[in-house]
Amino acid sequence: MKNYKVAVIAGDGTGPEVIAEGLKVLGAAAKKFGFEYETTSFPWGGKHYLATGDTLPSDAVDTLKKFDAILLGAIGTPEVKPGILEKGILLKLRFDLDQYINLRPVKLYPGVETPLANKKPEDIDYVVVRENVGDVYCGIGGVSQPGTKQEIATQDMVYSYFQVERCVRFAFEEARRRHSKANPWRGLSAEDKAAGKIAQVTLCGKTNVLTYVFGLWKRVFDEVAANYPDIKPAYCHVDATCMWMVKNPEWFDVLVTSNMFGDIITDLAAMTQGGMGVAAGGNLNPEGVSMFEPIGGSAPKYTGLGVINPLAAIGAVAMMLNNLGETEAAKSIETSIAYVTGNKLKSAAAGKMGYSTSEVGDLVVANL
Ligand code: IPM
Ligand code: MN
């Protein structure tokens, strides 16, 4: 029997509450689908930083490399000023574990309210492949004459061919994983299907202004696309992408983009799928250790009330299992989430579900 080693960083605020439900579902799935796992908890986060002055111990990354996967709750507490925990924990792990893909499925579950008028679950079902280690996030830049009215600050948008190529290639492979000849993407035209297309990958960039960086992205995108005759390539500027995500989300299948654009558009995307309570994501190193998380924050004002929606954390567990190769278990969790949203919850919003955080976890377990 497979035995997975899972590192758990529950973190701050509502992180531990939602992770508890994720682990509850993981336990039930293990029994039902016949695999074993061991969890090891790490205390890192805002509270730990305030108590010890340490974001991560110096051996954290080496320690985590020995696990099969990492499950992360949420990092952040209002007492610590912005930047310290983000850079010292979340971004450090993404970078040092070379989790170069941030995979963020955008899926409207049945019964979940979307602010987009007249859009149904079949209209909002795509995935964003966000490059996760380059761009303005890489920390190149600086400040001159800080604190004065002459202050100059730069933060460089940096991308290498290597970084762009592996990300774009992942997006095309992901498109193939999502679809097949027997199950092509529904947005394809009859002509596309007749031409053998099964899926679409859209590059989201800004080639009209950021001509250096997105010139590189577009060149690489076209090169990679030429190796995937079964995938329809498309391009959309980032501003227009935001517009279509609201107006015609059904136009998207796989969206691939840079780190900063991906950060921004996935918050917009999360709102269209019913909010942070349901949006899950994976920081992937396809050749190494990946880290799965609900994409929302630590929600300090809801901490300890048992009202936060754990479905994003449970969805992160499903993504983790899928990544580990437990595809049946992953599918079953997703089906159960869809059953629970479609038949049980009054709303996906915190405090309005009609159930407590832990009751929602129980419902997912009961319907596995
Ligand atoms: C996210 C978050 C992080 C990011 C922050 C907390 C550093 O917004 O995961 O989207 O910008 O990537
Ligand atoms: Mn973000």
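**Exercise 1. Contacts of Ile9**

Find which residues Ile9 touches in this predicted model, leaving out residues up to four places away in sequence.

Solution. Start with the position: Ile9 belongs to strand β1, which covers residues 3-11. Next, list the contacts. Ile9 touches Phe42, Trp44, Leu64, Ile70, Leu71, Leu72, Gly73, Ile75 and Leu93. Then take one of these partners, Leu72, and compare sequence with space. Ile9 and Leu72 lie 63 residues apart in sequence, yet their C-alpha atoms are 4.7 Å apart.

**Exercise 2. Accessibility of Ile9**

Decide whether Ile9 is buried or exposed.

Solution. The relative accessible area of Ile9 is 0%. Buried means under 20%. Ile9 is therefore buried. As a general rule, nonpolar side chains in soluble globular proteins tend to be buried together.

**Exercise 3. The domains**

State which residues make up domain 1 and domain 2, and how many residues each gives to the contact.

Solution. The domain assignment gives domain 1 as 1-103 + 280-368 and domain 2 as 115-272. The centres of domain 1 and domain 2, taken over C-alpha atoms, are separated by 25 Å. In the contact, 13 residues come from domain 1 and 15 residues from domain 2.

**Exercise 4. The nonpolar cores**

Work out where the largest nonpolar core lies with respect to domain 1 and domain 2.

Solution. The largest nonpolar core has 85 residues, and Val129, Trp217, Leu321 and Ile333 touch the most other members. Helix α10 (residues 311-324) contributes the most to this core, with nine residues. Both domain 1 and domain 2 give residues to this core, so the core lies between them.

Now look at Val129 alone. Leaving out residues up to four places away in sequence, Val129 touches Ile101, Asn102, Leu103, Cys167, Phe170, Ala171, Val254, Leu255, Val256 and Thr257. There is also a second, separate core of 19 residues, and Ala7, Phe42, Leu56 and Leu97 are among them. Phe42 was listed above as a contact of Ile9.

**Exercise 5. Two helices**

Determine how helix α8 is oriented relative to helix α9, and which residues make the contact.

Solution. Helix α8 covers residues 238-247 and helix α9 covers residues 259-272. Their axes come within 10 Å and cross at roughly 10 degrees. Angles under 35 degrees count as roughly parallel, so α8 is roughly parallel to α9. On the α8 side, the contact is made by Val238, Thr241, Cys242, Met245 and Val246. On the α9 side, Phe261, Ile265, Leu268, Ala269 and Thr272 take part. Sorted by class, this contact has eight nonpolar, two polar and no charged residues.

How values were computed: Residues are numbered from 1 along each chain as its sequence is written. Chains are lettered from A and ligands numbered from 1 in the order in which they are written. This is a predicted model: local features need pLDDT of at least 70, side-chain atom pairs count only at pLDDT 80 or more; totals for chains, interfaces and linings use all residues. Side-chain values use heavy atoms; hydrogens and water are left out. A nonpolar core is a set of buried Ala, Val, Leu, Ile, Met, Phe, Trp, Tyr and Cys residues joined through side-chain atoms within 4.5 Å. Buried means under 20% relative accessible area, exposed over 50%, partly exposed in between (1.4 Å probe, protein chains only). Helices (H or I, at least four residues) and strands (E, at least two) are DSSP runs, numbered from the N terminus. Domain bounds come from an automatic or database domain assignment. Contact means heavy atoms within 4.5 Å. Axes are lines fitted to C-alpha atoms, for helices over the stretch in contact, and angles run from 0 to 180 degrees between N-to-C directions. Angles under 35 degrees count as roughly parallel, over 145 as roughly antiparallel, 65 to 115 as roughly perpendicular and the rest as oblique. Ala, Val, Leu, Ile, Met, Phe, Trp, Tyr, Cys and Pro count as nonpolar, Asp, Glu, Lys and Arg as charged, and the others, Gly among them, as polar.
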